[in-house]
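Here's a quick run through the charged side chains in this one. Have the viewer open and follow along.

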Amino acid sequence: MAEVRTKHRHRRALLAAAGAASLVTLSLVSVPAAHAGAPTLSNACEHRNNNTYAKLLECVTLEGVMRHLRAFQAIADANDDEIYPGSRIAGTEGYDRSADYVAGLLRKAGYQVTVQEFEFLFQFPAVLRQLTPVDEEYPTVAFIGSGGGDVTGTVIPVDLALDDPATSTSGCEAEDFASADWSGDSDIALIQRGACVFADKVANAQAAGAEAVIIFNQGDAPTNDRQGLVIGTLGDFVADIPVVGASFAQGQALAQPGSTAHVHVLEPEPRTTVNVIAEKPGKNRNNVVMAGAHLDSVDGPGINDNGSGAAALLEVALMMANLKPENTLRFAWWGAEESGLVGSTAYVESLSPAELDKIALYMNYDMVGSPNYIFMIYDADESTFPAPVPVPPGSAAIEDVYESYYTMIGEPYDDTEFSGRSDYEAFILAGIPSSGLFTGAEQIKTEQQQAIWGGVAGEQFDPCYHLACDDIDNIDVHALEVNSDLIAFAMLTFAYSTESVNGVPGKKVPGPPVHLPPPAGPQGTFVEGDGGHGPGLVTS
């Protein structure tokens with residue numbers, strides 16, 4: 001774990017902006033009281049109405065968030081699931097205990113807690129082993145929508161582009177399969193990512209007669225996210241044959257003449273899991289401010305993805321438990337996000353049109369403490385990236401709050417594509433204004449980004465993204481603390497007024513006012529790609 005910083009200029013800047021000079025003498029170091037040599041504020045924080053920016057941010061501490069992350073780590077460590085031991089994957093005991101932990105603390109704090117059950121398809125581990133000309137097993141994951149099967153046979157490359165710039169349309173057209181013989185009983189199509197959605201590539205391979213598909217990453221530039229293992233979804237398409245992912249380097253190896261391989265995917269199994277929803281009614285029951293974070297992991301404890309967002313949101317909710325807000329507050333911890341955004345989609349689909357109309361906005365927190373972080377905000381105003389999904393009116397006003405806060409505390413930030421690749425997708429498709437925070441996944445940090453945010457150029461923002469090493473040491477505590485405070489700041493802001501988002505008048509936040517400066521603007525460090533490649537499963 002990175003060393004806990006003892007200088008918190010963002011907290012001092014906020015206190016100064018609030019005109020709360022008398023509070024500056026309080027401890028500004030978010031470490032356990034035993035280490036700080038000062039009495040703990042936690043008891044007071046849990047029982048008082050933290051209705052000002054200064055009081056709330058005093059109480060939302062790094063140690064409070066880390067306490068939840070350590071609990072998630074312990075839950076994962078105790079999970080002896082036969083298939084996914086040491087994890088918090090939806091459908092396992094590790095996830096169920098995580099949901100119990102969150103729900104229990106929220107009930108104790110006085111929230112109205114709903115545990116919503118829903119069904120999803122539980123994916124079993126997949127196998128990808130090259131047999132010739134080398135014998136090696138590769139890390140892999142079955143695509144969401146993959147069929148089951150156990151295939152050992154010849155690997156047939158499909159219109160690959162392995163040389164720089166590796167711009168590939170592999171498998172996008174039925175004609176791409178015409179030059180090979182697919183009449184065998186065990187033909188494995190080797191397809192490169194790029195140019196069209198995965199579902200089209202797999203549908204074409206299946207129609208040509210392939211018995212299995214390997215989709216490997218594109219490798220079109222050494223500094224983007226298209227090098228490592230690709231983990232994706234086929235969307236609404238359900239394949240009859242197994243479909244697994246591979247890295248660009250593995251695709252190169254599998255493309256060698258005479259290559260044979262073994263692909264094994266078990267049929268997914270229907271299982272039941274839960275969302276945890278906590279609500280605090282406000283004076284206005286018809287104007288709901290909502291924030292969410294997914295609670296499940298992919299492999300291992302999932303401490304950054306997405307224990308970081310889940311823990312930060314939980315600590316904020318607990319510290320706001322005694323608030324008497326103008327607007328109704330609703331917090332959500334989503335299940336089965338890593339299985340295709342299933343939990344959040346099930347929730348939105350369960351609401352009536354009238355209930356959806358009450359939701360003023362939704363804020364999403366997925367990976368907010370990446371170890372090689374940069375601070376990013378969903379680009380709702382499309383100032384850097386054209387959005388491939390609809391951006392509901394009012395979303396940019398949420399982005400503005402995030403940007404102005406980073407500007408106020410002197411933290412540089414950048415845009416990340418408003419892609420819908422996390423749990424805000426169902427909300428934006430329902431027309432609900434949304435935005436969120438992100439600190440990076442598989443994208444490679446550039447030298448320019450290193451100069452601005454520190455860290456290590458040439459490595460992923462999160463080197464343990466979707467891997468078992470995403471544990472308690474896979475967190476940058478500075479990024480986590482800054483974003484935990486920002487999550488609290490935004491929630492308190494909209495708890496009193498959403499007028500900037502949906503036109504519903506409210507009230508000023510009590511206490512000395514905080515005057516947010518105009519946003520400094522994104523750093524503009526993404527000259528290609530999609531701006532950090534937001535968390536979640538890719539479709540193309």
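Is arginine 330 buried or exposed? Arginine 330 counts as buried, because its relative accessibility is 11% and the cut-off for buried is under 20%. Keep in mind that this is a predicted model. A search through the whole structure turns up seven salt bridges, and a few of them are picked out below, along with a patch of negative charge on the surface.

**Strand to strand: arginine 330 and glutamate 279**
- The buried arginine 330 has a salt-bridge partner in glutamate 279, with an N to O distance of 2.7 Å.
- This pair links distant parts of the chain: arginine 330 sits in strand S11 (residues 327-334) and glutamate 279 in strand S9 (residues 269-280), 51 residues apart.
- Glutamate 279 comes out as partly exposed, because its relative accessible area is 21% and buried would mean under 20%.

**Loop to segment: glutamate 326 and lysine 507**
- Glutamate 326 and lysine 507 also meet through their side chains in a salt bridge, this time at 3.9 Å from N to O.
- Glutamate 326 is in the loop between helix H9 (303-319) and S11, while lysine 507 is in the segment after helix H16 (499-502), so this salt bridge ties together parts that are 181 residues apart in sequence.
- On the accessibility side, glutamate 326 is buried at 15% relative accessible area, whereas lysine 507 counts as partly exposed at 46%.

**A small network around arginine 129**
- Which residues are linked in a network of salt bridges? They are Arg129, Asp135 and Glu137.
- Within that network, arginine 129 and glutamate 137 form a salt bridge whose closest N and O atoms are 3.0 Å apart.
- Both of these partners are partly exposed: glutamate 137 has a relative accessible area of 45%, and arginine 129 has 28%.

**Negative patch on the surface**
- Asp80, Glu93, Asp96 and Asp100 gather on the surface as a patch of negative charge.
- One of the patch members, glutamate 93, belongs to helix H6 (residues 93-109).
- Why does glutamate 93 count as partly exposed? Its relative accessibility is 41%, and partly exposed covers the range between the cut-offs of under 20% for buried and over 50% for exposed.

**The general idea**
- Side chains of opposite charge can pair when their charged atoms come close.

Notes
Residues numbered from 1 in each chain as written. Predicted model: local features only at pLDDT ≥ 70, side-chain atom pairs only at ≥ 80, totals over all residues. Heavy atoms only, no water. Patch = residues over 30% accessible without salt bridge, like charges linked within 9 Å, V, L, I, M, F, W, Y side chains within 5 Å. Areas by Shrake-Rupley, 256 points an atom, 1.4 Å probe, with all protein chains shown as cover. Salt bridge = Lys/Arg side-chain N within 4 Å of Asp/Glu carboxyl O. Lys, Arg positive; Asp, Glu negative; His and termini not counted. Charge placed at Lys NZ, Arg CZ, Asp CG, Glu CD. Helix = DSSP H or I, 4+ residues; strand = E, 2+ residues; numbered from the N terminus. Buried < 20%, exposed > 50% of the residue type's maximum accessible area, 1.4 Å probe, protein only.
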